[in-house]
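Reader: I am new to reading protein structures. Could we look at one together?
Author: Certainly; here it is.
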Amino acid sequence: MRGIFEEADLICAEVRGLSHDDIHLHARSKKYGKLSTGQMVMVSPYLVKRQKQHFHHLEEHGIDLIIGCNGLIWVGEHVKVKDEMEYQVNLTEPAHKKEEKNDTRREYICRAANAIRLLSTLGFSITLEVIKGVVDLSQSLNLEIHDMLGSEFCVLVAEKEAERRSSNKRKQ
């Protein structure tokens, strides 16, 4: 294991077994492995509901969300295995377009991480849909990323969540 990873690396793997001095990890596919270029956000585990799918790829933004039942949530760049043809195609893309994409992707990563922090502060359940709703709201208001954690936006998100819950009750 030390030949593959270094201490303090963030990895994503399934725990397959525990013994008194060992932990057995299993990486079933390429979606598991070392996590880089993103943010790890810690929330109280009770805020994360068990779902059918905990790995989410947001194609339109080029990021991945891993919402762990243990309260650890990873927001980072989407990692995909590149074949030679795809690598050659990306080499021909102008440098300024790549930088624009990366800046937009980093901004969305920061917005999503702040949305998770805000939802945690408010004590709301954390799901993909709610995270995307908070990010979309911040973008529609042209809010700076750091302002997402301010009290005014916090109140606005709480009001929107109250509206959403009351409309869900009416539907039932």
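Author: Please note that this is a predicted model. A good place to begin is the pair β5 and β8, which run antiparallel and are joined by five bridges.
Reader: Which residue is the bridge partner of M40 in β8?
Author: M40 has W74 as its bridge partner in β8.
Reader: And what stands opposite W74 on β7?
Author: That residue is I66, which stands opposite W74. Strands β7, residues 63–67, and β8, residues 72–77, pair in the antiparallel sense over five bridges. Another of their pairs is D64 with G76 in β8.
Reader: What about the link between those two strands?
Author: The hairpin of β7 and β8 has four residues between the strands, and G71 takes a positive phi near 95° there.
Reader: How many bridges join β6 to β7?
Author: There are four bridges between β6 and β7, and these strands run antiparallel. Within this pair, F55 stands opposite I66 in β7. The hairpin of β6 and β7 has four residues between the strands, with G62 at a positive phi near 70°.
Reader: So what is the order of the strands in the whole sheet?
Author: The four strands form an open sheet in the order β5-β8-β7-β6, with antiparallel pairing. The strands β5 (38–42) and β6 (55–58) stand at the edges; each has a single partner strand, so one side of each is left without a neighbour in the sheet. On average, neighbouring strands of this sheet are turned by 15° against each other, direction ignored.
Reader: Where do side chains point in a strand?
Author: In a regular strand, they alternate between the two faces of the sheet.
Reader: Is β8 mostly covered or mostly open?
Author: Strand β8 is mostly covered, as five of its six residues are buried.
Reader: Which helix lies across β6 and β7?
Author: That is helix α3, residues 128–140, and it runs at about 130° to β7.
Reader: Changing topic: how many disulfides does the structure hold?
Author: The structure holds zero disulfides.
Reader: Then are C69 and C154 buried or exposed?
Author: C69 is partly exposed, because its relative accessible area is 29%, which lies between the limits of 20% and 50%. C154 counts as buried because its relative accessibility is 17%, and buried means under 20%.
Reader: Thank you. Could you recap the sheet for my notes?
Author: Please write down an open, antiparallel sheet in the order β5-β8-β7-β6, with β5 and β6 at the edges and helix α3 lying across β6 and β7.

Conventions
Residues numbered from 1 in each chain as written. Predicted model: local features only at pLDDT ≥ 70, side-chain atom pairs only at ≥ 80, totals over all residues. Heavy atoms only, no water. Pairing = 2+ DSSP bridges. Axes fitted to C-alpha atoms, helices over the stretch in contact; angles between N-to-C directions. Contact = heavy atoms within 4.5 Å. Disulfide = S-S within 2.5 Å. Buried < 20%, exposed > 50% of the residue type's maximum accessible area, 1.4 Å probe, protein only.
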